[in-house]
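Subject: A structure for you to explore

Hi there,

Here is the structure I promised to pass on. Please open it next to this email, and then read on for what was found in it.

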Amino acid sequence: MAYFLGLDSSTQSLSAIVIDTSEGRVVVDESVNFGSELPAYDSPQGVLPSNDPRVRHSDPLMWVEALELLLTRVRERGFNWSKVAGISGAGQQHGSVYLKEPLRDAGRFKSSQSLVDQVRPLLSYPSSPMWMDSSTGEECKEIAAAAGGRERVLKISGSIPIERFTGPQIRKIWKTQPDAYRQTTEIHLVSSFMASLLTGTSAAIDLGDAAGMNLLDLGTGRWNTTLLDATAPGLAAKLQPPIASHTRVGTIAPYFIERFGFRPGVPVIAFTGDNHSSLVGMGAISPGTRLISLGTSDTVFAAMDGPRTDPNGYGHVFGNPAGGFMSLICFTNGSLAREEVSKRFGFDWGKFAAAIQETPTANGGRLLFPFFTSETTPRIPAGVELFGSPDFVAWKEPKEAIRAVVETQALSMRRFSEWIGHPPKQLVLTGGAARNPGILRIVADVFQCPVRTLRVGNASALGGALRAAQAAGGIAWKELFSAFVALDPDVNVQPDPQARLAYEQLARAFDEKLNARLARNV
Ligand code: ADP
Ligand code: XUL
């Protein structure tokens, strides 16, 4: 019997997938939605309310409570946790958790008390700045200046200083919350925090997720002293050295053995970023396949065949959890924008897909820029002006608005992923919105490329289970991919060649409008 658990602590939910490698089956696929199931945290979309639209934090205790709820639910549905032989997982990237003391004693969490009550006193700062935060523009400039310029930071870390990245966020905590920073002995990413809960001891950050901090030297795989010094004093002491993604960070803590019936000694493999984990869950650890994840954010990513950085500074290079590197471009206004438009017109996802089917390709040249919250690719600040929103408010025809927002998103993905090189031969899509046939059609036509999806929907949680099976179970990637990563035979969207011209024209209008707006940024 060989069961492996993968967890995915993402923006709006925590998910678990358990695979049975002897039968090649997914035996558990369960999720807890933060907004609807944990309303006490006042985070309908997984994010705390804030008066400043640039500030986006989450409550780390919400993730802790979700973990308990998820493990309880799966057990109540009849699954026996003692079957699990290895655990790994993923977290939304960049978010940071600040601890007063490192976790040293695996037995410190007592099963007689809730985990939330035992983690609360450990936090030196009560909330976690997360990937949607764009409030660190000043800090990015300061880091660039102290480290020898944006280009130098790009060269060392694979990205220019980026507002949502952990280094600039840590700098802001140091500047604005000096007492909390002083009290902090250990800083975690969401990924290493979740792994630490499971082992009861501090788990180090893996090389994949570490690359989203503006602190790692991609060449050496170590924290870079210049970047650490440019970020905040004493930072080196608050970070454990980064580790290879396949590292075993400990074994399941007594808390989970006593409370949920896990078997003692079950290894926990380092957690990684959600996009990295999706790369594994989509069987795309080697270069060749271009992936798009349509989650809360939209991301375009691929394993890389050699080091290359985005000359425009929007794209990133992260560690590939199976070795080497991956490229990634993140669009903050992904499902967030699609939800906004559907909410405004009272459309459910079925009507959303139908609206796309009932409207013409390129929509008579209409564009609807999806910048409802501050965007990272391209950089459009929130709170200044939501570009496109005047058009949106004036929009009369809901169906056209829906097509327009998705077409504009797809054009943006195409333009800003060109630096990856090699036009894709096939796009594989995952994430909640990859279930929507209307969205798949537009992506296929805009990219002029066939679009496929996968049989297992949650690629990030599946990636966690596969990483556990590979590292803890010694099962080869090839074997795991052939058993668990299959394209959905029912979804094969071929591009319509007649759409090519219409989208070339729309792309020109898109470039013109966007370039004019970006010129006003400076
Ligand atoms: P994350 O991992 O970022 O939390 P998911 O990949 O789970 O996100 O995707 C969740 C999002 O997918 C939801 O917030 C919703 O907006 C979107 N979604 C779910 N079903 C559909 C659908 N049929 N069509 C379009 N979007 C959908
Ligand atoms: C990637 C990014 C997001 C988060 C949330 O850089 O910020 O995709 O990982 O999913």
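Let's begin with Thr299, which you will find in strand E15 (residues 298-303). Please keep in mind as you look that this is a predicted model. Is Thr299 buried or exposed? Its relative accessibility is 1%, and because buried means under 20%, Thr299 counts as buried. The side chain of Thr299 also makes a polar contact, at 3.0 Å, with the side chain of Asn275. Leaving aside residues up to four places away in sequence, Thr299 touches Asn275, Leu291, Ile292, Ser293, Leu328, Ile329 and Cys330.

Now compare that with Thr251, in strand E11 (residues 248-251). Thr251 has a relative accessibility of 29%, so this residue counts as partly exposed. Among the residues that Thr251 touches, again not counting those up to four places away in sequence, are Leu198, Thr199, Val266 and Pro267. Gly265 is another residue in contact with Thr251. These two are 14 residues apart along the chain, yet their C-alpha atoms are separated by 5.3 Å.

Next, the helices. Helix H18 (residues 459-471) has 13 residues. From the first C-alpha to the last, H18 reaches 18 Å, close to the 18 Å expected at 1.5 Å a residue. Why can we call H18 largely enclosed by the rest of the structure? The reason is that 11 of its 13 residues are buried, so the rest of the structure largely encloses H18. The buried residues include Leu462, Leu466 and Arg467. Have a look at the start of H18 too: a side-chain oxygen of Asn458 comes to within 3.2 Å of the backbone nitrogen of Ser460.

Helix H5 (residues 150-157) is another one to look at, with Val153, Leu154, Ile156 and Ser157 buried. What covers these buried residues of H5? The cover includes helix H4 (137-147), strand E9 (216-217), helix H10 (225-231) and strand E16 (316-319). Right after H5 comes Gly158, whose phi is positive, near 90°.

Finally, the empty spaces. The largest pocket has a volume of about 1200 Å³. Its lining is made up of 49 residues, and Leu294, Gly295, Gly431, Gly432 and Arg435 lie nearest the centre. By class, the pocket lining has 14 nonpolar, 25 polar and 10 charged residues. Which strand gives the most to this lining? That is strand E3 (residues 25-33), with 4 residues.

There are also cavities: a search of the whole structure finds 4 of 30 Å³ or more. The largest cavity holds about 70 Å³ of space. It is lined by 14 residues, with Phe331, Asn333, Pro370, Gln409 and Ser412 nearest its centre. Sorted by class, the lining of this cavity has 7 nonpolar, 5 polar and 2 charged residues. Helix H16 (residues 398-416) gives the most to the lining, with 4 residues.

Gln409 makes a good last stop, as a residue that lies in H16. Its relative accessible area is 5%, so Gln409 is buried. Two residues that lie nearest the centre of the largest cavity, Asn333 and Pro370, are also in contact with Gln409. The other residues that Gln409 touches, beyond those up to four places away in sequence, are Asp298, Gly334, Ala337 and Arg338.

Enjoy exploring, and write back with any questions!

Best wishes

Key
Residues numbered from 1 in each chain as written. Chains lettered and ligands numbered in written order. Predicted model: local features only at pLDDT ≥ 70, side-chain atom pairs only at ≥ 80, totals over all residues. Heavy atoms only, no water. 1 Å grid on protein atoms, 1.4 Å probe; cavity = no way out; pocket = protein on both sides within 12 Å on 5 of 7 lines; lining within 4 Å. Points joined across faces, edges and corners; volume = space filled by probe spheres on them. Helix = DSSP H or I, 4+ residues; strand = E, 2+ residues; numbered from the N terminus. Nonpolar A, V, L, I, M, F, W, Y, C, P; charged D, E, K, R; others polar. Buried < 20%, exposed > 50% of the residue type's maximum accessible area, 1.4 Å probe, protein only. Contact = heavy atoms within 4.5 Å. Expected span 1.5 Å × (residues − 1). Polar contact = N/O pair within 3.5 Å; in protein donor to acceptor, adjacent residues only side chain to side chain.
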